[in-house]
Amino acid sequence: MAELTVKEQLARKRVCLALDVPTVQDALGLVAELSDCVGTFKVGKQLHTAAGNEGVNIVEEIHNRGGDIFLDLKLHDTPNTVYEASKACAVKGVYIFNVHVAGGEAMCRKALEGAYAGARASGTEKPKVIGVTVLTSLSDEDLTVQNLGIDYDNLVMRRTELAVKWGLDGIVCPANKAGELERRFGSDFLYVTPGIAWAGKHGTGQKQLYTPNMAVRDCRNSILVLGSAITKAEDRRKTACEILKAMAEEL
Ligand code: C5P
């Protein structure tokens with residue numbers, strides 16, 4: 001069990017480990033290994049589907065091992081379908097789930113309603129419902145091809161504005177944009193940020209590397225989604241501890 005300082009415990013709450021693995025066994029292995037350094041575990045479509053195929057309730061299994069879950073299913077469908085799916089997402093252990101802001105106002109509002117209804121039915125707290133602004137895999141060119149008439153950065157900004165207006169609890173946005181968005185939309189809103197790298201405390205000298213310490217320095221109310229930076233490290237626990245230490249220095 002890692003002994004964490006008070007600040008490292010605060011940092012732990014802001015670390016979300018992406019369980020991008022093909023089997024329940026792989027996922028639960030990572031949870032067992034890292035749950036004292038990681039507050040939330042991200043279950044995406046790959047693991048969620050694999051667990052369904054294996055007949056395992058992955059949310060319950062992770063929650064029983066002391067982890068909270070970010071259910072990264074990126075719902076995007078008709079409002080009624082999203083209402084029902086959101087209701088199903090709002091069970092014990094799910095701290096956050098997400099929808100695409102691109103699905104529109106009615107869909108986002110139905111997601112919130114579904115989250116309240118599901119939480120009531122399962123006797124738990126309503127999970128935070130956050131909106132995906134723009135997938136980080138898209139470029140300005142991709143948006144042009146779709147005739148969206150807006151560039152990537154402005155679309156992130158606009159969709160964040162809409163997510164706030166429609167009552168969502170936060171957004172998913174690229175890590176290097178969270179600071180600017182928080183200055184504009186405030187710290188009551190949650191900024192969940194993928195796209196974070198780690199090359200040791202002193203880095204590699206690469207300027208474009210966006211690190212956990214930069215992320216907490218830039219944005220006060222964010223959760224950092226980390227995947228391969230930890231899972232592909234030679235010593236995963238040591239790396240996770242180093243990341244917490246680096247974040248704690250900024251808190
Ligand atoms: O790259 P890494 O392994 O840290 O990715 C962790 C998670 O963050 C993945 O599930 C991926 O979908 C998401 N991600 C993202 N945008 C990036 C990098 C990763 O949405 N630029």
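Here is a short tour of some packing features in this model, which is a predicted one.

Let's start inside. The largest nonpolar core has 71 residues, and those touching the most other members are Leu 19, Ile 58, Ile 62, Leu 71, Phe 97 and Val 99. Take Ile 62 as a way in: leaving aside residues up to four places away in sequence, Ile 62 touches Leu 19, Leu 28, Val 31, Phe 41, Val 43, Gly 67 and Ile 69. There is also a second, separate core, made of eleven residues, with Cys 16, Phe 70, Leu 190 and Ile 223 among them.

Next up is helix α5, which covers residues 79-89 and has Val 82, Tyr 83, Ser 86 and Cys 89 as its buried residues. Look down the axis of α5 and these buried residues fall within an arc of 125 degrees, so they line one face of the helix. That fits the usual geometry: an α-helix has 3.6 residues a turn, so residues three or four places apart point the same way. Flip to the other side of α5 and you find Asn 80 and Ala 88 exposed. As for what sits on top of the buried residues of α5, the cover includes β3 (68-75), β4 (94-100) and α6 (105-122).

Tyr 83, one of those buried α5 residues, also has a lysine over its ring. Here are the two lysine-over-tyrosine cases side by side:

| Lysine | Ring | Distance to ring centre |
|---|---|---|
| Lys 110 | Tyr 83 | 5.4 Å |
| Lys 126 | Tyr 116 | 5.4 Å |

Now for rings against rings. How many aromatic pairs does the structure hold? Just one. The partners are Phe 189 and Tyr 191, with ring centres 5.6 Å apart and planes at 75 degrees, so the pair is edge-to-face. Both Phe 189 and Tyr 191 are buried.

Finally, have a look at Cys 37, which lies in the loop between α2 (24-34) and β2 (40-44). Is this loop cysteine, Cys 37, buried or exposed? With a relative accessible area of 1%, Cys 37 counts as buried, because the cut-off for that is under 20%. Its neighbours come from distant parts of the sequence too: Cys 37 and Glu 242 are 205 residues apart along the chain, yet their C-alpha atoms are separated by 9.9 Å. Setting aside residues up to four places away in sequence, Cys 37 touches Ala 2, Arg 12, Val 15, Ala 240, Cys 241 and Leu 244.

Terms used. Residues are numbered from 1 along each chain as its sequence is written. This is a predicted model: local features need pLDDT of at least 70, side-chain atom pairs count only at pLDDT 80 or more; totals for chains, interfaces and linings use all residues. Side-chain values use heavy atoms; hydrogens and water are left out. Helices (H or I, at least four residues) and strands (E, at least two) are DSSP runs, numbered from the N terminus. Buried means under 20% relative accessible area, exposed over 50%, partly exposed in between (1.4 Å probe, protein chains only). Contact means heavy atoms within 4.5 Å. Rings of Phe, Tyr and Trp (its six-membered ring) pair if their centres lie within 6.5 Å; planes under 30 degrees apart count as stacked, over 60 as edge-to-face and the rest as tilted. A charge sits over a ring if NZ of Lys or CZ of Arg is within 6 Å of the ring centre and within 35 degrees of the ring normal. The arc is that of the directions from the helix axis to the C-beta atoms. A nonpolar core is a set of buried Ala, Val, Leu, Ile, Met, Phe, Trp, Tyr and Cys residues joined through side-chain atoms within 4.5 Å.
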